[in-house]
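Colleague: Could you take me through a close look at one pocket, and then add a word on a helix pair?

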Amino acid sequence: MERWSGRVAVVTGASGGIGASIAAELTKKGLKVVGLARRSEKIEELSKKLGSEKGKLYAVKCDVSKEADVKEAFKWVKDNLGGVDILVNNAAVAYKNSIIDSSTDELKKMLDLNVLGLSMCTKEALQLMKEKGVDDGHIIHINSTAGHAPPGGIFTMYCATKHAVTALTEGLRRELVQQKSKIRVTSLSPGLVKTDMPPEEFLSNYPALNPEDIADALIYVLGVPPHVQIHELTVMPVGQPF
């Protein structure tokens, strides 16, 4: 991880859960971390707690599902930090409804954030990497085991959006290969994690990971040699039955 010290990472959905844990761990490793979230005050609180660490955490208010917000956030990164070296696409939303029972608004929110928001952030980050001449950057999509398994009777659209993330990871990898770029892309797929996203009955009845476990996995992904690409990494709690 020493080669990343002093460089810039953008983490979406950094106000809590997995995103906050990732932002904190990258800050401890000496990076300049920009946390994007609608609740930017939560990131500011975390930044104060990390004040004595080697790196620094910046809070930028951003609704990743809105193109204007995304463009403005990455403009802030360029103007204030010169560019970006790592992007962690973590922001996501899930509704516990089948297709039959979901409202169109719920379906659209999942698509807008989980798929389009991720894609817009990826596009902006790659553009800044290109402008800065970064050829060893890293794009990490926080996917899900739901992105690799048949959807059940609930969370159908959420599963569909995460299957899209799986396809987007491979598609981007091939695009970068065609451009002879050394920028890497990784899909990091957690199983059940103790955050505010899963329903309480899931967390009460099934084993679950801690957000810090996913941050540790991400540090591993970033820490392998530059010629190694961890294309897909699945992290599940022992005993998860699905």
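Modeller: Happy to; the pocket comes before the helix pair. This is a predicted model, where local features need pLDDT of at least 70, side-chain atom pairs count only at pLDDT 80 or more, and totals for chains, interfaces and linings use all residues. Residues are numbered from 1 along each chain as its sequence is written, and side-chain values use heavy atoms, without hydrogens and water.

The second largest pocket (on a 1 Å grid, an open set of points for a 1.4 Å probe with protein on both sides within 12 Å along at least five of seven lines) holds about 430 Å³ of space. Its lining counts 20 residues, and Leu126, Leu172, Glu175, Leu176 and Gln179 lie nearest the centre. Lining residues have an atom within 4 Å of a point. Two or more of them come from each of helix 4 (104-132) and helix 5 (156-178), helices being DSSP runs (H or I) of at least four residues. Helix 4 gives the most, with 8 residues. By type, the lining of this pocket has 8 nonpolar, 8 polar and 4 charged residues, with Gly counted as polar.

Now the helix pair. The axes of helix 1 (residues 17-28) and helix 7 (residues 211-223) come within 8 Å and cross at roughly 50°. Helix 1 and helix 7 are therefore oblique to each other, that is, neither under 35 degrees, over 145, nor 65 to 115. Gly17, Ile18, Ser21, Ile22, Glu25 and Leu26 of helix 1 are in contact with helix 7 (heavy atoms within 4.5 Å), and helix 7 takes part through residues including Pro211, Ile214 and Leu222.

Technical notes:
Points joined across faces, edges and corners; volume = space filled by probe spheres on them. Axes fitted to C-alpha atoms, helices over the stretch in contact; angles between N-to-C directions.
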